[in-house]
Amino acid sequence: MFSFTDPPPGGPTIASAPRRERIAVLGGGMASLTAAFALTETPALRDRYEITVYQDGWLLGGKGASVRNRAMHGRIEEHGLHLWLGYYENAFTLLRKCYEELGRPAGAAMATLREAFLKHSAIVVEEKTPRGWEHWSVSFPQTDEWPGDGRPLPSFAESLRGGVRQVLIYARAFFGELGGPRPEVDDAAAQLRGLLEPALAPGAPLLLGAAARALAEGLRALMARLWTAARPDVELDPGLRRLWVVFNFLGAVLVGALRDGLVGPDADFEALDDIEFCDWLRRHGASEVTLSSGLVRAFYHLAFCDGDGAGAGLALLGMMRMFTCYRGAVFYKMRAGMGETVFSPLYEVLRRRGVRFEFFHRVRGLELSADRRAVERVVIGRQATPRSGEYRPLIDVGGLPCWPEAPLHDQLVEGEALARRAENLASFWSDWPDVEQRILERGAHFDHVLLGISIGALPSIAPELIEASPRWRRMIEHVKTVRTVSLQLWVNQPVGRLGTSARAPVVGAYRMPLETWADMSHLAPVEGWRAGEGVQGILYACGQLGRGDDPVAARDPRVDDLAALERTAVDFLEKDLGHIWPAGRAAPGGGLRWDTLFDPEGRAGAERLRAQYLRVNASPSDRYVLSVPGSQKHRIAPDDTGFEGLVVAGDWTRTGYDLGCIEAATMSGLQAARALGAPVEILGEVRRRRAAPRIELPRYVDRPGEMALRSPYVLEDVWMTALVLRAEQRALRALLDRYLNVPARGHVRYVPAAPFVVLAAAFAGRAFSGDPGHRRIGTMPETDIAFWVPAWALGRGRGGLIPERLVWFLPHVFVSTGAAAAAGREIYGFPKSVVDVEVRRTGYALDRLSVVGEVIARHAPDARGGPGRILEVTRRDAGPIPPRARSIDRLFFDAPGPLGGLAPWLTPISRRLAANEVTLAFLKQFRDVEHTDRACYQAIVEAKAKVRALRGFGPLPGTLRVDWDDHDSHPFSAELGLVPGGQEALAAAWVDFDFVMESGREVFNAARDGSSARLTAP
Ligand SMILES: Cc1cc2nc3c(=O)[nH]c(=O)nc-3n(C[C@H](O)[C@H](O)[C@H](O)COP(=O)(O)OP(=O)(O)OC[C@H]3O[C@@H](n4cnc5c(N)ncnc54)[C@H](O)[C@@H]3O)c2cc1C
């Protein structure tokens, strides 16, 4: 065993030079290399960081790696078929910068990014019907644009408009195909146009709130009617069925996105984490025909999640990006392998920038400090010894620096032995003994660890972390990975038509486990095949093997897996390939003509498969990372690992865009670099929730009798009265500025939503914690009396700040119990004080309410506070008992008497109440004990209140007047812009219901978010 005692080579040599921060990057996949790239982009950053990448074996690229097989004409052998999507703005931007810095001379092979990629739009989806497998050809419009010039992605609202446009296009095609005259269908078509077209008109308001909901409900109802009317035709006519599928799929996505409010920059996709994508589509109007279609199955196959499913939020986000955010083309094929297109340029540029690469360094373990708070040591097994001190991994193939299929043995001391054993040092199960154990110590050899090894390998290399942290344990339990398979065929004839298309299509949703196929014949010239040499076409296939729950094998399963894959491939080629590649068939309806496979050794029959390339990706870190329902919230974020000195990067981390793809890995790498202090720009970054359960926070010590009960906080059997009082907007604006906008220093902005406030008095029969741990404590009756100020939280829109969500701010809250005050103040930041309340009611009608509490009439050093009247509500006249309201959004409108011109403001607010959308905003803060004019914690918090049961509601009879004394301790008139001393309610209503205060979220935290991007000037 060897342990470093001296600083590693390359440490500071000039005594006065400041020491650079040393970052040990573990693993060299897309995410790690992106982080290294961002951390070394400028000379200043290169002066600041010293980076070493530790990679086992001889290859960079991980799941995206590819090699050139020197024994097979230097052909490309991929980990699996890789396509880039046209919305990969971060990955393309990174690569464009990399190619620019690489500075290949004009005329050199793949000198620029644009020479390295090929636009691709032809897709064929396979569908199993009662008639057998059928092709479905789809072509996406192409433009001259390219991704990767650093332009932002379209906003969610623009994407959504794109979605509306597509629904209309497919609806038109569907109606056209359906034929007429059919009054019920024509009528539905007209209604659909009337519903959707206004949303596309220039200057049409954003699809938010009530407008969004009305559109969603209208579209949902129309789809249901259309399905009833058109179903018999749809089931008989395949062309019509496909049009229905696309229309219905897009329609359901639109309905769901509108209903779930997924339109603003704060769209909460994570809220859909627990629901499976198909279930979500079904809930929003997708028919079973649509859900079982090739279109939907193709998505599942693209993400290798057939059988495991995908969380609806992430699936939706991925699809929205894929179809509405692409530039130029929906797909891009590389003009060579991933290895030489992506990873050798990155390696070359990073090396030039001074990043050190330690190949043949297998990370064996991460060890924690004694207090289990920091990563203290990284244990590494060195697998081989470069003769010259540094291993140079690339070979030249046709002028391109490429990765070889095996280590360059002549550069290694152990090369001969490795070659003799044909040892695969990249295999998890390799039993090649380490030639040395290296232990990297925190402080001596690194300051930060950037863990870029994929999640499948973490149980074996990071058991201490998993054991020490419940969050890590939950991530390992919930985030699933799956094995994949790959097959590449070189053929003796042009591929020609694949599926229905001769445009070298990608064919998806075919028979598993070889479900995705692509004509990759454009690679033949790069591989150096010349006319007459035999190879005239290249086909790739790729698929998922097994399920996400399959355990990692204890012993190397690849030999068995490979034998099984060979058998599967033979069966597939004999029985199934003919359907998608008829030109390769021995006879119509027959299997593959084996001699179409290129074999320099001239073998016969299925033996020719030996000259092709098959692989099973079963090593734990190579397993594809799934986004199964309920897993996103358990991922660990690059900047929030819970361990000092550790950031993580990879498509398994929690970035907000948590999908298994190159773009997600890139975004994660960028977030990791940002966590280490590099200034990075991330395009289309999805606002992610803080890691849901932050278990690493110190445990709150419960004290009996204190009653600061955990949320959710349930109030049952609640009778509530609400009185609308006209108020001055100027005063309300000042109030929101003082308590929310100013403390948030421009990071959030709230403005009054109406010139009124609501005085609400709620009397709950039972209030209790809904948390299982605290439910057993018991219940309390509770009374809450508060002024509710409606406000818009603004967000960024195309032309500036726009209203995003309605919130209620409660500047004064009076409660009857200490329990209510404790939980309210400590959890959410309600400014609650305990008071005496007297109430008289007749049935649901309020007769009188009086609130008495501690007041100080006039602030002065010798002023004496004591009990005094805070406010009083009296019914001035009995009035007739009004009828119950027709619906909750008519609550105030059905009250007798004029509304004093408030109707335009009340309408959108009432609609949100009716939709059970009640969000409260708070200033939550605690005084610092040493500097008591300072807050040691200050945050703007939002939390939702949701109605669980609604038993009744209606207008309150009579004229109700509210009076108060405007004590200095309770300056209601000045703060809320009310008439001094009191005023009459313009409308009043009662509600009988149960509701729950959910856990909240910090929208701004002074300690954490103070320096991040602002919405407005502070
Ligand atoms: C078959 C297949 C097809 C795919 N197709 C596409 C596609 O078409 N488009 C797309 O966008 N995405 C595709 N993906 C997903 C994409 O490849 C990944 O999202 C991406 O490569 C993940 O990068 P990463 O850096 O997160 O992880 P990885 O690529 O897994 O990187 C992990 C790194 O750690 C190294 N490592 C592992 N263990 C150790 C150890 N003990 N010591 C040292 N180093 C170690 C690995 O060798 C690797 O370099 C595909 C994935 C698969 C499996």
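This section describes the surroundings of the ligand and one open sheet in a predicted model.

The shell around the ligand comprises 35 residues, of which Gln55, His82, Leu83, Tyr88 and Asp651 come nearest. By class, 14 of the shell residues are nonpolar, 17 are polar and 4 are charged. Three secondary-structure elements, helix H1 (30-38), strand E11 (361-368) and helix H21 (662-675), each contribute at least two residues to this shell. Among the contributors, E11 gives the most, with 3 residues.

Polar contacts to the ligand involve both backbone and side-chain atoms of the protein. On the backbone side, an N or O atom of alanine 31 is placed 2.9 Å from a ligand oxygen atom, and a polar backbone atom of aspartate 56 lies 3.5 Å from a ligand nitrogen atom. On the side-chain side, an N or O atom of aspartate 651 is found 2.5 Å from an oxygen atom of the ligand. Of the 1,000 Å² of accessible area that the ligand has on its own, 94% is covered by the protein. Aspartate 651 thus appears both among the residues that come nearest to the ligand and in a side-chain contact with a ligand oxygen atom.

An open sheet of 3 strands is also present, with the order E5-E9-E6 and antiparallel pairing. Strand E5 (84-85) and strand E6 (117-120) form its edges, each pairing on one side only. The antiparallel pairing of E5 with strand E9 (residues 331-334) extends over 2 bridges. Within the sheet, tryptophan 84 stands opposite tyrosine 332 of E9.

Key:
Residues numbered from 1 in each chain as written. Predicted model: local features only at pLDDT ≥ 70, side-chain atom pairs only at ≥ 80, totals over all residues. Heavy atoms only, no water. Near = heavy atom within 4 Å. Polar contact = N/O pair within 3.5 Å; in protein donor to acceptor, adjacent residues only side chain to side chain. Areas by Shrake-Rupley, 256 points an atom, 1.4 Å probe, with all protein chains shown as cover. Helix = DSSP H or I, 4+ residues; strand = E, 2+ residues; numbered from the N terminus. Nonpolar A, V, L, I, M, F, W, Y, C, P; charged D, E, K, R; others polar. Pairing = 2+ DSSP bridges.
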